[in-house]
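Got your viewer open? Load the model, and we'll walk through it one selection at a time.

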Amino acid sequence: MIWQLDIMFLVLVVISAIASVNVKDLLSSAILLGAYSFLMCLLWIEMGAVDVAFTEAAVGAGISTAFFIGFIFQTTRRTKD
Amino acid sequence: MKERYPDVTIETVCRLLIPPIQLFGLYVIAHGHYSPGGGFQGGCILGASFIMMFIAYDIGEVKRRMREKLNTILCATGVLIYAGIGILCLVLGANYLDYGILHQILPAYPAKARALGTFGIEIGVGITVMSVMISIFLNIGTAGEHEGEPE
Amino acid sequence: MEVVNSIRPILAIGVSLLAACLILLTGERARNLREFWTILAAVVKFSIVMSMVPFILDGKVIEYTVFTIAPGLSIGFKVDALGIFFGILASFLWIITSFYSIGYMRSLNEHAQTRYFACFAIALSATMGVAFSSNMFTTFLFYEVITVCTYPLVAHKETPEAIKGARKYLTYLLGTSIGFQLFAIFMTYNITGTLDFSHQGIFGEARGVVSDTIIIVTFILFMAGITKAAMMPFHGWLPAAMVAPTPVSALLHAVAVVKTGVFVVVKVVVHLFGINLLWDIGLGTALAYFASFTIVAASVIALTQDNLKARLAYSTVSQLSYVILGVALLTPSGITGSIMHIVLHAFGKITLFFTAGAIYVAAHKTKVSELNGIGRQMPFTMAAFTIGAFSMIGIPPFGGFISKWYLTMGAIEANQLPIILVLVSSTILNACYFLPIVYAAFFKEPGTAHHNAHAPAHGVAFAGSHNPHSGHKLHEAPAMMVVPLMLTALGTIVLFFAPDFFLDITKIALENVTGGK
Amino acid sequence: MDTMQFIIGKFNYWIYIVLMMIGFYAMIAKRNLVKKIVGMNIFQTAIILFFISTSSKKGGATIPIIQGGHGDAAGHVIDAAQYLNPLPHVLMLTAIVVMVSTFGVALALLIMIYREYRTFEEDEIYETLEVMRLKK
Amino acid sequence: MKFFAFIVVLFTGALLIYGTVDMPDWGDPGSAPNSHVSPRYIEKTLEETATPNAVTSVLADYRGYDTLGETTVIFTAGVVCIMLLRRFR
Amino acid sequence: MTTQSPALLIIVPLISAILCLLLGLIRRGLCYPFVVAVLGVSVILSFDVMGTVLNDGVIRYRLGGWDPPWGIEYMIDHLNAFIAIIIASISFVVAIFSRKSIEHELAKGKIIYFYTIYLLLFTGLMGIVVTGDVFNIYVFLEIASLAGYALIAIGRDRAVLASFEYVVLGTVGACFYLLGVGYLYSVTGSLNIMDLTLRLPELYHSKVILIAFAFFMVGLALKIALFPLHVWLPDAYTYAPSTVSAMVAATMTKVGAYVMMRIMFTLFEPYFSIKLLPVTTILGWVAAAAMIFGCIQALAQTDFKRVLCYILIAEVGYIVLGISVGNRAGFTGAVLHILNDAVMMACLFMIAGAIYYKTGMRHIYEFAHLHKKMPVTVTCLVIAAISVVGVPPTCGFFSKWYLVLGAIDARQWFFAFLLLASSLMVAIVFFKMMQTIFFAPAGESAHAHIDEPHKEHKHSRDEAPASMMIPIFIMVAGILLLGIFSGQIVSTVIQFTVPKGF
C-alpha cells in the first residue's frame with residue numbers, strides 16, 4: 001500500500017464522480033463513469049481486493065459502460081443538467 | 001449503431017481478439033480457485049466478447065452465433081445448474097448447497113468434493129452471467145427493436 | 001342464578017338473517033313469496049323469543065358463547081330478563097310492522113322493495129343481537145350492524161334529500177359510536193380486562209383500582225357514544241332520518257334503533273357500571289338532569305314543527321329521555337318505569353307513525369297544517385292516532401300512564417323534586433303538541449286540499465272515492481295498513497289494564513340488578 | 001496529536017462519504033433521469049468502497065489467496081493476520097452484481113420512457129403529461 | 001428543490017461522518033471485522049474446501065447461498081430486460 | 001421432507017421460476033397452471049414449516065452445512081413462519097386471479113416472462129422472510145425489488161415513470177440498508193442475526209451502532225412507504241396491472257414491516273429500540289402522521305386503485321404504530337394487522353382488477369349502479385370495505401382492537417384517538433364509494449363518459465370470470481374467518497412472536 005497512490009486515486013475518483021454527474025452531455029457522462037469505475041478498480045487493487053477489482057473492471061468499466069453507450073446511441077445524449 | 005460499420009480495421013481487430021478473449025473468459029472461470037476470478041468475472045468477459053462482436057459486425061452476426069432462444073435457455077440453465085447442484089446435495093442427504101456430501105458420488109475426499117462443487121456452480125454462474133449480459137445488451141443496444149422470433 | 005346453555009338466542013337472531021338471504025334470492029320475481037318469508041320469519045322469531053320466556057320467568061338465564069377472541073373478549077349471548085323484555089317487544093312489533101310495510105310499499109308502488117325487506121330483516125336480527133348480547137363487544141358489533149343496514153332504508157327514496165338525510169344519519173351514528181363508544185370500550189377493557197356484562201357492574205369490582213376520574217370519563221364517553229338514544233347534543237340524526245319510508249320510521253326509529261340506544265344505555269348503566277357505583281359517584285343525578293333537559297327542549301322544538309313526522313321525531317327524542325331519566329334516578333321504581341316506558345312508548349309511538357304513514361298513503365299529506373278535517377275521511381286512522389296521542393301524554397286508560405306513574409314514583413323516591421317538575425311540564429308540552437292535531441283532525445273544516453292531484457292513482461283505497469274535496473266520505477288507507485295500526489292502538493289500551501306480564505319480567509330484571517334487595 | 005491521529009485514521013472513510021453524497025445528491029436533485037442513474041451507480045460504488053475498506057489490514061497483509069495452496073497442501077498452519085479479510089470482498093462481489101442488474105433494469109426503463117416521451121428531462125416529461133391530461 | 005436536496009444530502013453525510021467517530025481506524029488489524037468471523041475463512045479454506053482463493057471459497061461455499069441469490073438477481077435482470085424491451089408481435 | 005422444508009421454501013419457487021421460463025418457451029399455456037401448482041406447494045410447505053416451529057421451536061437451518069456465524073442460516077421462529085404463510089397464501093391466491101387479468105392487460109408474448117418474474121418476486125420475498133443473515137436480506141430484497149420494478153413497469157399510462165421513480169427511491173432505500181449493514185459489520189464483524197444479537201449489547205452506546213440503526217430504519221421506511229417517504233407508492237401501485245397491484249400491495253410492504261420488526265426487536269433488543277433511543281417515539285408520530293395523511297389523501301382521490309394506495313399508506317402507518325408503541329398488545333396488533341391488511345388489500349385490489357376487466361372503469365364516479373351489473377363483486381367489495389374500516393366481526397377490527405389497546409397501554413391516548421379517527425376517515429372514503437354505487441341518481445355518472453359501450457347493458461348481470469371470482473371469494477372468506485378465528489391465531493402463533501423484552 002502506497003499512501004501517495006492512495007491519495008491520488010481518491011482525489012481522482014472524487015473528481016471523476018463530480019465531473020460525471022455534472023457534465024452536460026450524457027455520452028461524456030458515460031465515459032467519465034467508466035473512468036470512475038476504472039479508478040475505483042485501481043483503488044481496490046491497491047487495497048488488495050483483487051477479486052472485487054477484477055469484477056469492477058469487467059462490469060463497471062466494461063459491460064456497464066457498454067450498456068450505457070449502447071443506451072445513449074438508442075436514445076439521446078442531450079441533457080440539461 | 002444501426003448500420004454496420006464499414007471499418008475494416010475494427011472488424012479485423014475484433015476478429016483477432018474475440019477468440020483469445022473467450023478463451024481468457026473460460027480460463028477465468030476455471031481458474032477461480034487459485035487466482036482472482038471466478039464465474040462472475042469470466043461470464044462477464046465471455047459476454048463482453050459477444051458485445052464486441054455486436055460492435056464489430058452487427059446484430060445479425062451475434063444472433064447467428066447465439067440464437068436468442070438459445071440465449072434465454074442458457075440464461076436459465078446457469079441458475080438451474082447452480083440450484084441443481086444444491087438439490088443434488090439435498091437428495092444425497094445433506095443440507096442445501098452442502099457440497100461436502102458430493103464425495104459420495106465423486107472420486108474425491110470431502111474437501112476436494114467441495115472444491116469440485118464450487119467449480120460446478122462457478123460454471124453455472126458463468127453461463128448465466130454471459131447470457132444475461134448478452135441479452136441485456138442486445139435489448140438495450142437495439143431498444144428491443146431487433147428482428148426475428150422473440151421466443 | 002341458574003344458567004341454561006341453549007342456542008335459542010342464536011336461532012332468534014339467525015332466523016331473520018336467513019330470511020334476508022331468502023328475500024334477496026327470491027327478489028322481485030315472486031313478490032308474494034318474498035313477503036311470505038318476511039312474515040314467516042317474524043312469526044318464527046317471535047315464537048322462538050316466547051319459547052325462552054318460561055326460563056326467564058323461572059329466574060334462569062340462557063347463555064351461549066359463540067367464540068372467544070381473547071380473555072374477556074368474546075362474542076356471546078346471554079338472555080336475561082331485560083334482554084327478553086326487549087326481544088319480545090321488538091319481535092312482536094315486527095310482525096305487525098311487516099303487514100303494515102307490505103301494505104305501505106305496495107300502495108305506493110315503491111322501488112327496490114327487495115332491498116327494503118332484506119335490510120329490514122337484517123336490522124331486526126341485529127336488534128335481537130343487541131338485546132341478547134352478553135358483553136359490550138357483542139353489543140357494539142350488532143349496534144354497528146343496525147346502523148349500517150338501516151342506512152339503505154333511510155336513503156330508500158334515493159332522492160338527493162334522502163341521501164343527504166341518510167348521510168347525516170350515518171355520520172352521527174357511526175362517528176359517535178366509533179369515536180366515543182369504541183374508545184370507551186377500549187378504556188373499559190384496558191381498565192377491567194373484561195367486557196362481559198355483570199349484574200352488579202364490572203366497574204363496581206374495579207373500583208379502587210382506578211381513579212374515579214377515569215370512570216367518569218369512560219362513562220361520559222359511553223353516553224356520548226350511544227347516540228342512538230338521541231340524547232340532546234346528538235339527536236340531530238333522528239329528524240333527519242325521517243325521510244325514510246314510514247314503516248322504517250315506525251319500527252326502527254320509534255322502536256328498534258332508538259330503543260336499542262336506550263337499551264344500551266340501560267345496560268351500560270346497570271350492567272357495566274352498576275347502580276351502586278354510579279350512586280356513589282353521583283353520576284346518576286347528572287345524567288338525570290341531562291335527560292331532563294332533553295325532555296323539555298325536544299318537546300319545545302316539537303311544538304314548532306309543522307311536518308307531522310318531524311314532530312313525532314322530536315317527540316321521540318323527548319320520550320326516549322324518559323327512559324334514560326328513569327334509569328338515571330337509580331331507584332327501583334325509576335328503573336321499573338323506564339323499562340316499562342320502553343314498551344309503552346313503543347306501542348304508542350308506533351301507532352302514531354303508522355297513522356302518519358296511512359295519512360301519507362291515503363291523502364298524501366305530511367304537514368300538520370294540512371290535517372284539518374282529516375278525521376272525517378279517515379276515522380279509524382285518526383281514532384288510533386288519538387289513542388296513541390293520549391297514551392303519549394299519559395292519560396289514564398292508556399298505557400303511557402303506567403310508566404309515567406312509576407317514573408314519578410321514582411323521582412319521589414330519589415327526592416328529586418325538580419325531576420317531578422320536569423315530568424309534569426313535559427306532560428303539558430306533550431298535550432300541547434298532540435292535542436291540536438286531534439282537534440284539527442276531527443273538528444276543523446278541511447281547507448283547500450291542494451294535494452288531491454297526488455292522491456294514489458292505483459285504486460287501493462280502502463273505501464271511498466278519490467275525491468277528497470267531498471271531505472265527508474271515507475278515504476282510508478288499505479286494510480293492510482289500517483288493521484296493524486288499530487292493533488297497536490288496541491295494544492296501548494290492553495297494556496294499561498294488563499301490564500302484569502311485562503311487569504313480572506321487569507321485576508326479575510330489577511332483582512337481578514339490585515341483587516335481590 | 002490525538003486529533004491528527006484521528007484524522008489520519010478516519011480520512012479514508014470521509015472521502016467515501018463524500019463520494020456517496022455526490023451520488024446521493026445526483027439521485028435526488030438532478031432533473032435528468034439518466035443523471036439519476038449515474039448518481040445511483042456512484043452511490044453504490046462508494047458503498048462498496050466503504051465495505052472494502054473495512055477489510056483492509058495494515059501490517060503487510062496480502063490478498064486473500066493462500067500462498068503455497070496449489071496442490072492439496074492442506075496441513076501447514078496459516079496465520080490469518082497475513083491475509084486480508086475476504087468476507088467484505090465476497091459481499092461486495094454480490095453488491096456489484098446487484099448494482100449492474102439494477103443498472104440494466106433502470107436503463108431498460110429509461111428506454112421505455114424515451115419511447116414514450118422522447119426526452120429524459122423531468123420537467124419536459126411533466127409538461128408532456130400535463131398536455132396529455134388537458135387533451136383528455 | 002435543489003437546495004432542499006443539498007440540505008438532505010449534507011445531513012445524511014454529517015450523520016455518516018458522525019458514525020465514523022467510533023469506528024475502528026482505517027486498516028486496524030485488530031478491528032472486529034478482522035478478528036471475529038473472517039479468520040476462520042483464511043485459516044480453514046485449504047483444509048475445508050481445498051481452495052486457496054479464500055474469496056472463491058467464501059463466495060461459493062461458505063456463503064454460497066448469497067451467491068445463489070446473486071445469480072438469481074442477474075437472472076431476474078435478464079428476464080426483466082427481455083420482458084420490458086423486447087417487442088413482441 | 002420436514003427437516004428440509006425450510007430450504008425447499010426457497011428452492012421450489014426459484015427452480016420453478018427457471019422451469020417456468022423453459023416451459024413457456026415450449027408451450028405458453030403451461031405457465032399458468034404450473035405457477036399455480038408451485039405456489040400451492042409453497043403454501044403447503046409454509047404450513048409444514050409452521051407446524052415444525054410450533055412443535056419443535058425455532059428452526060435453524062444451516063445452508064451448506066456451515067455453522068452460523070460463518071455460513072448462512074435460516075432462522076425461522078413463529079414470526080417468520082407466520083409471515084411466510086401470509087406471503088405464500090396471498091401469492092397463491094393472486095396467481096389464480098392472474099390468468100384473465102394478465103391476458104387482458106399484457107401482450108401475449110410477455111406472459112411467460114411475467115410468470116417467471118412473478119415467481120422470482122415470490123422467491124425474493126420468501127427469501128427475505130426466512131433468512132437469518134442481514135446481508136442475505138439485502139440480496140433477496142434486491143431480487144424482490146427488481147422483480148417488483150419490472151412488474152410495475154408493464155402497467156398502463158404512467159407506469160414506467162412511476163416504476164422509474166420506484167427504482168430510484170427503492171435503490172436509495174436498499175443502499176441505506178446496505179450502509180446500515182456496513183456500519184454494523186465494521187464494528188462487529190458479523191452478519192448473522194443471532195450472532196449480532198449476542199455481540200451488540202456491549203456496543204449499544206457506540207455512535208456507529210446508532211447511525212447503523214438510523215440507516216436501517218430510513219432504508220426500510222423507504223421500502224415500506226412510510227409517510228414522508230411514500231411518494232413512489234401511489235403512482236406505482238395505481239398504474240401497475242391489477243394482478244401486480246394485488247400481489248405487491250399485499251406483500252411487499254408487509255415484508256418490509258417484518259424486516260423492521262426483526263431489526264428493532266431481534267437484532268437490537270427492545271431495550272435499545274425503546275428505552276435507549278427515542279426511536280419509538282419518532283416512529284410513532286411518523287406513523288400517526290401516515291395514518292392521517294393517507295386517509296385524507298384517500299378522500300381526495302377518484303381513481304379506485306389510488307384510493308386503495310393511500311389507504312395502504314395509512315395501513316402501513318397502523319403497522320408501524322403497533323411496532324412503535326412497544327408493548328405486547330401493540331406488537332400483537334401489528335403482527336395481526338400484517339396478516340389482515342395483506343388479505344384485505346389483496347382482496348380490494350383484486351376487486352378493482354375484476355371491475356376494470358369487466359367494465360374498463362377505474363374511477364369511483366363511474367361506478368354508479370355497479371351493483372346491478374356485478375352484484376357479487378360489489379358484495380365482496382362491501383365486505384372488504386367493512387373490514388378495512390374495522391367493523392367487527394371482520395378481521396380488520398381485531399387488529400385495530402389490539403393496536404388501540406396497545407396505544408392505551410402505552411398511555412398514548414392521542415394515538416388511540418388517531419387510530420379511531422383514521423378508521424372513521426376510511427369509513428367516509430368507502431361510504432362515498434358505496435353511495436356512488438348504490439344511490440347515484442341515474443345519469444350522474446354520465447358526465448364522465450356518456451357513450452361508452454358498457455352503458456347500454458349496464459343493468460344486465462355480467463360478473464368477472466370464475467378464475468377471478470374464486471380468488472376474491474377466498475379472500476372474502478378469509479376476511480370473515482380470520483375475524484372469527486383471530487383469537488385462536490393470536491393464542492397459537494402471535495403470542496409467541498412477541499419479543500422477550502416486552
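Contact here means heavy atoms within 4.5 Å. Keep that rule handy, and start by selecting chain F: among its contacts with a separation of 6 or more, 80% are between residues 24 or more positions apart.

Some ground rules before you click further. This is a predicted model, in which local features need pLDDT of at least 70, side-chain atom pairs count only at pLDDT 80 or more, and totals for chains, interfaces and linings use all residues. Residues are numbered from 1 along each chain as its sequence is written, chains are lettered from A and ligands numbered from 1 in the order in which they are written, and side-chain values use heavy atoms, with hydrogens and water left out.

**Stop 1: chain F**

Switch to cartoon view. Chain F has 20 helices and 2 strands, where helices (H or I, at least four residues) and strands (E, at least two) are DSSP runs, numbered from the N terminus. Its radius of gyration is 22 Å, close to the 23 Å that the globule rule gives for 502 residues, so chain F is as compact as a globular protein of that length. That radius is taken over C-alpha atoms, and the globule rule is 2.2 Å times the number of residues to the power 0.38. Along the principal axes, the C-alpha atoms of chain F fill a box of roughly 70 × 60 × 40 Å.

Now colour chain F by accessibility. Of its 502 residues, 72% count as buried (under 20% relative accessible area; exposed is over 50%, partly exposed in between, with a 1.4 Å probe and protein chains only).

**Stop 2: the cysteines**

Stay on chain F and select C20(F) and C31(F). Why is there no bond between these two? The sulfur of C20(F) is 3.7 Å from the closest cysteine sulfur, in C31(F), which is too far; a disulfide is a pair of cysteine sulfur atoms within 2.5 Å. Over all chains, the count by this rule comes to 0 disulfides. C175(F) is in no disulfide either, and its nearest cysteine sulfur, that of C81(E), is 18 Å away. Check the surroundings too: C20(F) is buried at a relative accessible area of 0%, and C175(F) is buried at 1%.

**Stop 3: chain E**

C81(E) is your cue to hop over to chain E. Its secondary structure comes to 5 helices and 0 strands, giving the pattern α-α-α-α-α along the sequence. How does its radius of gyration sit against the globule value? Chain E has 21 Å, whereas a compact globule of 89 residues would be near 12 Å. Rotate the C-alpha trace of chain E and you'll find that it spans about 55 × 50 × 15 Å along its principal axes. Even so, 71% of the 89 residues of chain E count as buried.

Bring chain D into view as well. Among the 10 pairs of chains that touch, D and E have the most contacts. Chains C and D, by contrast, do not touch, with their nearest C-alpha atoms 30 Å apart.

**Stop 4: L238(C)**

Last click: L238(C), in helix α9 (residues 237–240) of chain C. Is L238(C) buried or exposed? It's buried, at 0% relative accessibility. Leaving aside neighbours within four places in sequence, show its contacts: A230(C), H253(C), V258(C), A313(C), T316(C) and V317(C). Then draw a C-alpha to C-alpha distance from L238(C) to Y100(C): they are 138 residues apart in sequence and 21 Å apart in space.
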